[in-house]
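The following note sets out several points on the structure shown here. They are offered in numbered order for the attention of colleagues.

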Amino acid sequence: MLILLGVAVIVVGFALRFNPLLVVVAAALTSGWFAGLSPLQVVAAFGKAFNDNRYVSIAYLVLPLVGVLERAGLRERAAAIIASLRGVSAGRFLIGYMALRQVTSAVGLVSIAGQAQTVRPLIAPMAEAASEVHDGPPSPETRYAVRAMAAATDNVAVFFSEDVFVAMGSVLLMVGFLTSGGIVLDPIHLSVWAIPTALAAFAIHSARLLLFDRRLARGVER
Amino acid sequence: MIKLGFVYLLAGLMFAGFALFSVGDRANPKRFGNMAFWGLISLSFLAGDWLGDLGNGVVVLALALLAGLGQLGRGQPATTAPQERQALSERFGNQLFAPAMMLPVVVALGVLVLKPLQFGGVALMDPKQATLISLAGAVIVGLAMALILLRQPLASPLQEGRRLADTVGWAMLLPQFLAALGAVFALAGVGAQIGHLVTTYLPVDTRFAAVAVYCVGMAGFTMLMGNAFAAFPVLTGGVAIPILVVHFGGNPAVIASIGMLSGFCGTLMTPLAANFNLVPPALLEIPDRYAVIKAQIPTALFMLIVNTVLMYVLAFR
């Protein structure tokens, strides 16, 4: 039971907003200690796992490209294009992005967009510009709310459509686990049953984005 | 054959560049902290396989201490001012999108066309890592295009990359830290312990209660572990297969598929899924660390209800 204290360390540490990197190390030491590992063993296990998981941080390779394009005015250009389409509100723009992101993820193209490569340089500035044209000059709080909604829309779109693609990692993990449990399935059956959820996610999040538009128009965020 | 090692080499050189430019940045009072932080990440990418487990562990501790003791500042690389950017954006117009479009185009090309290519029986790239290798290729193509087409200075990729890296700061490493924590938790048996508690103490005697326990359990367990992939084997092995499939005769494809998607509802609500939930507020310069999670919670809760109902309706026809 005491090994669960590591989870408690995470919950309390994140809630009190201590530096998360330190919280994570403390949690590892706590759970490891109660599992009978020495601190050195935990540090070595953590180091090995850190090294094995370096691919997680590879996405940051896009930062130099995104930065150079920002330097040359990409965000301003993206905002100008949206501002020239006068009828487009922030919510409607994000609904369009969500549809595009869901369709491309469902055919396996998850990595063509993302928080660093599209949301920061393109989607967030475009949503902000749409809100500015549509609803007037935004307060800082409104800007933050629009940016957060842009990031959230990217996550929601990907999470609930990627499993529609048969060769997605999570689908293959399910097939592998079920096979080891004596249930043999073709991946296509798992993918098919991900479709109702993908459609529901589009309906629910779109409805929220339309309500978000109304809040922006009423200026509730300022 | 191009392997992941090539991508790690590229990342190591990039972070080494960040470290070198950081230390020369006198506008940042904590420039030595930044140099050490990016330098250690560079070391991990370039030499991680030769440092040994304990060596890597020491690197990790040093990184956590640098971040935890506030030794990371924000550099001030020379970049363009807002008015200059406005003028440049008007001058370049839609040309600006060409290098940006290289990311999706080259990644799609790599994954769909180049991945199966073989030369003399040897694959062009490691098929298991095709996405990451294609992403690295896409960045190189996009940068070449940006430097030539938009006539940007040669040092700008590293300087601008450093500007963004300093904006995100220590949050950049949190996803990798949490992935490593998952491995330590697995070693300590945390997942098995929680799964045991769920299956022992929660009601699974009616069909609907069992469906609800599985779906809500997947979301809750994912929130605690930060990853639906960690929750899936525990709860599917503990609840879904013995109770929903064997006892109640449910369709395993429906149950597994919607079970995993219920886990994703949890991913949207937990700070432990840092790359999705905590890195974006840093990237977008939103002061509230939890702003993206807060924006996602309503959608996630509705989707959890939808998934539970869908599983109940579709799995037992």
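1. Helices and strands are taken here as DSSP runs, with at least four residues for a helix and at least two for a strand. On that basis chain A holds 11 helices and 0 strands. The order of elements from the N terminus is accordingly α-α-α-α-α-α-α-α-α-α-α. It should be stated at the outset that the model is predicted.

2. On overall dimensions, the radius of gyration of chain A is 22 Å, against a value near 17 Å for a compact globule of 222 residues. The C-alpha trace of chain A extends over about 65 × 45 × 35 Å along its principal axes.

3. As to packing, 60% of the 222 residues of chain A count as buried. Among contacts in chain A with a separation of 6 or more, 70% link residues 24 or more positions apart.

4. Regarding the surface, chain A exposes about 8,300 Å², and 68% of this area comes from carbon and sulfur atoms. The charged side chains of chain A comprise 17 positive and 13 negative ones, and the centres of these two sets are 5 Å apart.

5. Turning to the interface, about 10,500 Å² is buried between chain A and chain B, with carbon and sulfur atoms contributing 78%. On the chain A side, F50(A), R54(A) and R71(A) lose the most area to chain B, and together they make up 8% of what that side buries. The contact involves 98 residues from chain A and 132 residues from chain B.

Note on methods:
Residues numbered from 1 in each chain as written. Chains lettered and ligands numbered in written order. Predicted model: local features only at pLDDT ≥ 70, side-chain atom pairs only at ≥ 80, totals over all residues. Heavy atoms only, no water. Rg over C-alpha atoms; globule rule 2.2 N^0.38 Å. Buried < 20%, exposed > 50% of the residue type's maximum accessible area, 1.4 Å probe, protein only. Contact = heavy atoms within 4.5 Å. Areas by Shrake-Rupley, 256 points an atom, 1.4 Å probe, with all protein chains shown as cover. Lys, Arg positive; Asp, Glu negative; His and termini not counted. Charge placed at Lys NZ, Arg CZ, Asp CG, Glu CD. Buried area = accessible area lost by both parts, 1.4 Å probe.
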